[in-house]
Amino acid sequence: MAMANEIGSSILLNSGTNEAEVVEFSIQNVILGINVVKVREIIVPITPVEIPLAHPCMEGIIQLRGAVIPVIDLAKFLRLPPSENPSQDKFIITEFNQSKYAFHVHNVQRIHRFSWSRIEKPSDINLHEQNCVTGLIRFEEKMILLLDFERIILEISPEINEEIHKELQDLADQNPAQSTKRIIIAEDSPMLRKVLQEYLPKVGYSQLTFFQNGQEAWDYLLKVIERHGKNYREEVDLVITDIEMPQMDGHYLTRNIKEHPMLAGLPVIIFSSLITDDLRHKGESVGADAQISKPQHVELAKVIGELT
C-alpha cells in the first residue's frame, strides 16, 4: 500500500540530527505513535492462525514474505475497546530486538518528523498497570503518545526476560569480581532501567548512574567537565545510551560526546532495539565505540569489559 512505500523512502538517512519520524496511528480515539525505523510495512489484516495457550493479547501468527510473525492485539493490551470499524484496521509490521512483530491497530494516519527536543517525558500517563508510554508530542491541538513497544513484548513474552536472567547469572558465576568502573546510562524505559540496575551489578558493574534521556546525561557530563576538566574519568568511565529518548536521542548524545574536545575519548556503547544491518551505519557515523541490540545483555556486559 502507499503508506508502506512512503515509510520505506522516508527513513532519516542522516545521523545525529536529533530528529525522529513517527507513524501516527490510533486505537479508538487514543492517538499513538511509533518510530518509523521500527516499521517495515503496514498491511490490511490477515487472518492469523491461533496458538493454543497463548497470551490473551496474542491473536496468533501470520506468514508474510517467508517470515512467521506473531500478531498482537494492541487494543486488548492497552485495555481499550475493540475496533468499531474493522474495515479500517491495519497491521503495523515491525522489526526491533532482532525480531518481527505485527501490531493490530484501528487506523493509520500519516508520518510526522519531529525533533526529539519536542518529545516530552510523560509523568502520570498510565494506559496499563505499569506505564508503557515513553513520550508525548503536542501537535495540532492533539497529543501523540509514544509507546514502549519493547516493554509490551516483554510483558507478553516473559520467557525472554527469564532467558536473559539465566544467561547473566551464568556470566556472573564465571566473573564474580567487582569492577570500580563508573558507568552512566541514558535509558528512557523505566522497565529497562530496572533490568540494567538489577543485572549489571551481578556481572561486576555496580557503580551506575541512570538518566531518563540523552539531555539529562549530556547536562551531567558538562557538569563533570566543569568540576574535573581533563580528569573527568574521576567520575565517569563509559556511557551506555539508548537511541529513542525524549529531549535528546542517543545518536545526538554520542555525536556531542565525540565532538567535544575533552570527552572525545570517552567510550560510548549504543544499546538499542534499533541496531540492525540497515541502521548500524548511523551509530558508526556519530562515532559510537560499540553498538549492541537489545536484549543482548550478556554481550553488553562483555563489551563493557573490553572498553574499560
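**A tour from Tyr101 to helix H7**

Start by selecting Tyr101, which is buried at a relative accessible area of 9% (buried means under 20%, with a 1.4 Å probe and protein chains only). This is a predicted model, in which local features need pLDDT of at least 70 and side-chain atom pairs pLDDT 80 or more, while totals for chains, interfaces and linings use all residues. Residues are numbered from 1 along each chain as its sequence is written, and side-chain values use heavy atoms, leaving out hydrogens and water.

Now add Phe96: its ring and that of Tyr101 make a tilted pair, 5.2 Å centre to centre with 40 degrees between the planes (ring centres pair within 6.5 Å; under 30 degrees is stacked, over 60 edge-to-face, the rest tilted). Phe96 is buried too, at 0% relative accessibility. Show Lys38 as well, and you will find its charged end over the Phe96 ring, 5.7 Å from the centre (NZ within 6 Å of the ring centre and within 35 degrees of the ring normal).

Next, select Phe103 and Phe149, an edge-to-face pair at 4.9 Å and 75 degrees. Because Phe103 belongs to strand S7 (99-105) and Phe149 to helix H3 (149-156), this pair ties together parts 46 residues apart in sequence (helices are DSSP runs of H or I, at least four residues; strands are E, at least two).

Last stop: helix H7, residues 250-259, where seven of the 10 residues are buried, so the rest of the structure largely encloses this helix. Its buried residues pack against elements including helix H6 (214-228) and strand S14 (268-272) (contact means heavy atoms within 4.5 Å).

Note on methods. Buried < 20%, exposed > 50% of the residue type's maximum accessible area, 1.4 Å probe, protein only. Phe/Tyr/Trp six-rings, centres within 6.5 Å; stacked < 30°, edge-to-face > 60°.
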